[in-house]
Amino acid sequence: MPSHESHSAAPRSHRGTGPQRPPQPDDETWLSTAELAARLQIPIKTLAAWASARTGPRFARMGRYRRYRLGDVRDWEIQRLQPRGDGP
């Protein structure tokens with residue numbers, strides 16, 4: 001039996017006041033859950049858990065599927081970068 005993804009119909013925003021990046025030409029490309037999991041090298045179930053907890057990248061519902069806009073994914077990735085330390 002196929003598992004259903006998160007049941008929310010509204011896109012979720014996880015934008016903060018973190019670092020910004022210039023827009024890229026392919027920012028409007030939409031990624032499937034499997035494509036994003038491959039990009040991040042994580043299990044698809046992790047993305048489902050993040051969506052449920054509202055801690056993952058912003059997404060939109062396309063029917064019963066989540067789709068992630070590449071620009072939002074890049075912003076989310078940048079927000080998670082750890083600051084560089086001054087020590088060794």
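A salt bridge, for my purposes, is a side-chain nitrogen of Lys or Arg within 4 Å of a carboxyl oxygen of Asp or Glu. I started with Arg39 and Glu77, whose side chains meet in one, at 2.9 Å from N to O. The two sit in distant parts of the chain: Arg39 belongs to helix H1 (residues 33–40) and Glu77 to helix H3, 38 residues apart. Note to self: this is a predicted model.

**Entry: the overall layout**

I stepped back to see what the chain is built from. I found three helices and three strands. Reading from the N terminus, I wrote down the order β-α-α-β-β-α. The chain has 88 residues, and 33% of them count as buried. I also looked up the exposed surface, which comes to about 6200 Å², with carbon and sulfur atoms supplying 55% of it. Then I checked contacts between residues at least 6 apart in sequence: 70% of these join residues at least 24 apart.

**Entry: back to the charged pairs**

How many salt bridges does a search of the whole structure find? I got six. Side chains of opposite charge can pair when their charged atoms come close.

Arg74 caught my eye next. It forms a salt bridge with Asp26, and the closest N and O atoms are 2.8 Å apart. Arg74 lies in helix H3 (residues 70–79), while Asp26 is in the segment before strand S1 (30–31), so this pair ties together parts that are 48 residues apart in sequence.

Asp27 forms a salt bridge with Arg74 as well, with 2.9 Å between the closest N and O atoms. Asp27 is also in the segment before S1, so its pairing with Arg74 in H3 ties together parts 47 residues apart in sequence.

Buried or exposed: what are Asp27 and Arg74? Both are buried. For Arg74 I noted 18% relative accessibility, and it counts as buried because the cut-off is under 20%. Asp26 has 33% relative accessibility, so it counts as partly exposed.

I ran the same check on my opening pair. Arg39, at 38% relative accessibility, counts as partly exposed. Glu77 is partly exposed too, with a relative accessible area of 24%.

Last charged item: Glu28, Arg58, Arg69 and Asp72 are linked in a network of salt bridges.

**Entry: the nonpolar core**

Which residues make up the largest nonpolar core? I listed nine: Leu31, Leu36, Ala37, Leu47, Ala51, Phe59, Tyr68, Leu70 and Val73. H1, helix H2 (44–53) and H3 each supply at least two residues of this core.

I picked Leu47 from that list and looked up its contacts, leaving aside neighbours within four places in sequence. Leu47 touches Thr33, Leu36, Ala37, Leu40, Ile42, Arg66 and Tyr68. Among these, Leu36, Ala37 and Tyr68 are also members of the core.

**Entry: how H1 and H3 pack**

Since Arg39 and Glu77 took me to H1 and H3, I looked at how those two helices sit together. They pack at an angle of about 35°, and their axes are 12 Å apart. Their crossing is right-handed.

What makes the contact? On the H1 side I found Leu36, Arg39 and Leu40. On the H3 side there are Leu70, Val73, Arg74, Trp76 and Glu77. Several names from earlier entries come back here. Arg39 and Glu77 are my opening salt bridge, and Leu36, Leu70 and Val73 belong to the nonpolar core. Arg74 is the residue that pairs with Asp26 and with Asp27.

Terms used: Residues numbered from 1 in each chain as written. Predicted model: local features only at pLDDT ≥ 70, side-chain atom pairs only at ≥ 80, totals over all residues. Heavy atoms only, no water. Helix = DSSP H or I, 4+ residues; strand = E, 2+ residues; numbered from the N terminus. Buried < 20%, exposed > 50% of the residue type's maximum accessible area, 1.4 Å probe, protein only. Contact = heavy atoms within 4.5 Å. Areas by Shrake-Rupley, 256 points an atom, 1.4 Å probe, with all protein chains shown as cover. Core = buried A, V, L, I, M, F, W, Y, C linked by side-chain atoms within 4.5 Å. Axes fitted to C-alpha atoms, helices over the stretch in contact; angles between N-to-C directions. Left-handed = near helix turned anticlockwise from the far one by under 90°.
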